[in-house]
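Here are a few short exercises to work through with the model open beside you. Try each task before reading its solution.

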Amino acid sequence: MQISNIPFGITDWSTVERTEHKGEIGLAYWRTQNFGNVRVRFVEYTPGYLADHWCVKGHILLCTEGELHAELEDGRKFVLTAGMSYQVADNAEPHRSSTAVGAKLFIVD
């Protein structure tokens, strides 16, 4: 990731428009800001959420609340709780998210 030509700024996430994204089950609510070629999101998954696709986008993801299940297409599974993060490169390992109890995430990609 190359971060350049972005002046210092502050984001009040409560003022960023929330968009709804349907999963295979449940909903995801995104608050998104783009800074040059860097996308930053504050995401909330509803309880019971299951992503509707295998994602190949690279991310750095921090779980700020709840519990996130990250499943890789090769069958590996990981559980993240508040304060845990994962990172994955673009086109490296397809992955998808789910949660039984809901989760809030801070994601940079």
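Strands here are DSSP runs of E with at least two residues, numbered from the N terminus. Please keep in mind that this is a predicted model.

**Exercise 1.** Locate T99 and describe its surroundings.

*Solution.* Start with the strands: T99 sits in the loop that links β7 (95–98) to β8 (103–108). Next, take its accessibility: the cut-off for buried is under 20%, and T99 is buried because its relative accessibility is 3%. Then look for a polar partner: the T99 side chain comes to 3.3 Å from the backbone nitrogen of V101. Finally, setting aside neighbours within four places in sequence, list the contacts of T99: Y45, T46, P47, G48, Y49, E67 and H69.

**Exercise 2.** Which side chains of β7 point to the buried face, and which strand runs antiparallel to β7?

*Solution.* Follow the alternation along β7: H95 and S97 point to one face and are buried. R96 and S98 point to the other face and are not buried. Now turn to the pairing: β4 (residues 59–72) runs antiparallel to β7, and four bridges join them. Within this pairing, H69 stands opposite S98. H69 is also one of the residues in contact with T99.

**Exercise 3.** Why do C55 and C63 not form a disulfide?

*Solution.* Begin with the whole structure, where a search finds zero disulfides. For C55, the nearest cysteine sulfur is that of C63, 17 Å away. A disulfide needs sulfurs within 2.5 Å, so the 17 Å between C63 and C55 is too far for a bond. Last, check accessibility: C55 counts as buried at 16%, and C63 counts as buried at 1%.

Definitions and conventions: Residues are numbered from 1 along each chain as its sequence is written. This is a predicted model: local features need pLDDT of at least 70, side-chain atom pairs count only at pLDDT 80 or more; totals for chains, interfaces and linings use all residues. Side-chain values use heavy atoms; hydrogens and water are left out. Buried means under 20% relative accessible area, exposed over 50%, partly exposed in between (1.4 Å probe, protein chains only). A polar contact is a pair of N or O atoms within 3.5 Å; within protein, one must be able to donate a hydrogen and the other to accept it, and residues adjacent in sequence count only if both atoms are side-chain atoms. Contact means heavy atoms within 4.5 Å. Two strands pair if DSSP finds at least two bridges between them.
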